[in-house]
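Trainee: Pick one part of this model and take me through it slowly, please. After that, I'd like to see how the rest fits around it.

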Number of protein chains: 2
Amino acid sequence: MVNGGSGPPGERRSRPAGIKAVAARAGVSVGTVSNVLNRPTQVSESTRARVLAAIDELGFVRHSSASQLRAGRSHTVGLVVLDIGNPFFTDLARGLEAEAAEHALSVLLFSSDGSAERQRRQLRFLEEQRVEGVLITPVGDEGSDLVRLQDRGTRVVMVDAVGAGRHCSVRVDDNLGGSLAGSHLIHAGRRRITYVTASYAVRQCRDRGTGLTAAIASSGARAPRQVEVPTLTGSAGYEATARVLAQRPDAVFCANDIVALGLLRGLLEAGARVPDDIALVGYDDIEFAATAAVPLSSVRQPAGQLGRTAAALLVGEFADGGSHVHEDVVFSPELVTRASSGGVMA
Amino acid sequence: MVNGGSGPPGERRSRPAGIKAVAARAGVSVGTVSNVLNRPTQVSESTRARVLAAIDELGFVRHSSASQLRAGRSHTVGLVVLDIGNPFFTDLARGLEAEAAEHALSVLLFSSDGSAERQRRQLRFLEEQRVEGVLITPVGDEGSDLVRLQDRGTRVVMVDAVGAGRHCSVRVDDNLGGSLAGSHLIHAGRRRITYVTASYAVRQCRDRGTGLTAAIASSGARAPRQVEVPTLTGSAGYEATARVLAQRPDAVFCANDIVALGLLRGLLEAGARVPDDIALVGYDDIEFAATAAVPLSSVRQPAGQLGRTAAALLVGEFADGGSHVHEDVVFSPELVTRASSGGVMA
DNA sequence: TCCCGGTTCTGAAACGTTTCATGGCAGAAT
DNA sequence: ATTCTGCCATGAAACGTTTCAGAACCGGGA
């Protein structure tokens, strides 16, 4: 098998063997080696074997920079998510990667952590890499960076955001999700509802809030109040406990599960009974929601499918070439009721 | 500002502007443009301004393949973790990325998901990319792929694994972690201890188990029994419930928190009282451990610091050049006791 | 006037691939 | 014999940078 070639084991070659070293060793031209690599059928059985042997003996590894430079294709796409620490996004990433792999595309994964500055750096990096497409859960709304990218020839697919006719997009109806949570709480007899959210500059938060408010309004109950957290993290949720309790709500809807779990811990430590005193509903239905101190009701999103679809849209856009009409795929979320909102289920 | 240059907005340039287009527009040679990009001080104030203006007007973006090809440096490292869905690894990745950024290195992140096949593909990809180093939480022990990589000139740092004198490494003393858990349970008066683990082919699981067994043995108690799960996931933990209960343990130690949380859910559904009937201890102390149905005792690892140190070791290895002696940095884990093992704390 | 050192800038070579027009060769058809 | 057709292999050009030896210029000292 592969054993580093002639020298003693552990030898550190100054420059790794290139295609011409392989060609020399196999007694063929570089063009032939390249053909073995890229169009194996066009080369005779015997030469192919000889070349493959040489590759093996020299430990040749293709230099993808050179390959990309000449061929003009990178076979690579970039994925930029909002928070790699959130299982929702890792599920999404896995689905996306699976679909991409089926089209021989590698995925470069980044987390903007909600920072516009980080996002800009990461997009820059991906553009310099000449990735064939960027799939992104953008921070903020304006997306002028993304339009620029697209104008320069890099396809952009919006994930969990609207394409606004400028990009393909795939998302889940956050408005509906918020309203599912709202009407569930209303039907459970709750009236003083608090919404724990990040800034409304985050579209997901805004839409979920809008849906919630609409559902509550249509029932005639008091409009929900809000507690704003700086980030959608567990510790932020925990630290918001006092502010939430100050509003004396009988139900709390959180913009995602992570913040809900943090808040739940705070509520229990403060002696509040969940759901008796306060019902709690989260968003995303991450796996840890089910194992929470009080199993958490949550609005489930099809994360993996979101990712797969995003990749599929991108591939479709490649195929369509010039005349491509952008698609906007919208999934529907689904409410999962558990003990935290009183709806104890199997 | 950047506005796509002369054409109408939304125009799709067939080939993006290169360095020679910039040179032409600024009325200088390509060498000068390159100097502006890479050694700005060696070019006069006025020319620099002119070149930067041209770059802006044409929307020039450096083609990193060409740059890497010629310069021979990629300014990029690869990180391959075992499970991107485990918050332990995302914390690790964040720390690593922060340190790498301070040395102007970008990080390419992959998850092997415990599959040797995936790991091999990902290493191959990174090698083709000519990354300057690979940081990896390897699946399995043999690591011949990694030695090959190193022999071909790519530095390899083992993360959460031993370097065996062939690589630098950074890890946490898993044996100690297991024994912390073991003696804690013994002191809490438990005697029938079950260890829920993945295959012992996974070194972390093996070492934690060894530590656990040693601690228990030195107390004279019965040796722990084992339940093996196929993967360290929540659902695997949940599905192992019956097998665990069949052993009638009064304490369970899990190889990580995710599996512990899954099992916890199963135990509670089955009517077991935690910690009264069964004490439970996990591993990693991920954030969700604290918000669990019964707050989970766990062995905490300094994930972020592990990542930072790994990156620092790699950078150190670059600096040392030829005569480099591999380091093996070992951190100590720390037991965090919560309600699940009876040690209710603040 | 000539030469010198320093500062800017130039232009061509090189990096490791892929691609493509070309050519040789073997066998089939004429 | 000759021509045609496919199949394989060749070798040079091209991809977009960086690097480097040296040209051009400028002011100052001998």
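**A helix and its surroundings**

Mentor: Let's take helix α12 of chain A, residues 257–269: at 1.5 Å a residue, its 13 residues should span 18 Å, and its end C-alpha atoms are indeed 18 Å apart, so the two agree. The expected span is 1.5 Å times one less than the number of residues. Helices here are DSSP runs of H or I with at least four residues, strands are runs of E with at least two, and both are numbered from the N terminus.

Before going on, some housekeeping: this is a predicted model, so local features need pLDDT of at least 70 and side-chain atom pairs count only at pLDDT 80 or more, while totals for chains, interfaces and linings use all residues. Residues are numbered from 1 along each chain as its sequence is written, and chains are lettered from A and ligands numbered from 1 in the order in which they are written.

Back to α12(A): eleven of its 13 residues are buried. Buried means 20 or more other C-beta atoms within 10 Å of the residue's own, exposed means 12 or fewer, and partly exposed is in between, with C-beta atoms placed from the backbone. Among the buried ones are A:Asp257 and A:Arg265, along with A:Ile258, A:Leu261 and A:Leu264.

Now follow the chain out of the helix. Just after α12(A), A:Gly271 has a positive phi of about 90 degrees. Then the peptide bond between A:Val274 and A:Pro275 is cis, with omega about 10 degrees. A:Pro275 belongs to the loop between α12 and β9 (279–284) of chain A. Chain B has a cis bond from B:Val274 to B:Pro275, again with omega near 10 degrees, and B:Pro275 is in the loop between α12 and β9 of that chain. For context, most peptide bonds are trans.

Zooming out, chain A has 14 helices and twelve strands. Its radius of gyration is 26 Å, well over the 20 Å that the globule rule gives for 346 residues, so chain A is more spread out than a compact globule. That radius is taken over C-alpha atoms, and the rule is 2.2 Å times the number of residues to the power 0.38. The C-alpha trace spans about 85 × 50 × 35 Å along its principal axes. Even so, 52% of the residues in chain A are buried.

How does chain B sit against chain A? Each chain gives 43 residues to the contact, where two residues touch if their C-beta atoms, placed from the backbone, lie within 7 Å. On the chain B side, the elements giving two or more residues include α12 (257–269), α5 (87–101) and α4 (64–71). The largest share, five residues, comes from α4(B).

A rotation of 180 degrees with 0.0 Å of shift along its axis superposes chain B on chain A, at RMSD 0.1 Å. The copies are thus related as by a two-fold rotation axis. The fit is by least squares on C-alpha atoms of residues with pLDDT of at least 70 in both. Within chain B, B:Ala293 comes closest to that axis, its C-alpha 1.4 Å away.

Finally, α4 of both chains is among the elements supplying at least two residues of the surface near DNA strand D. Near means a C-beta atom, placed from the backbone, within 6 Å. A:Arg70 and B:Arg70 are among the residues that come nearest, out of 27 around the strand.
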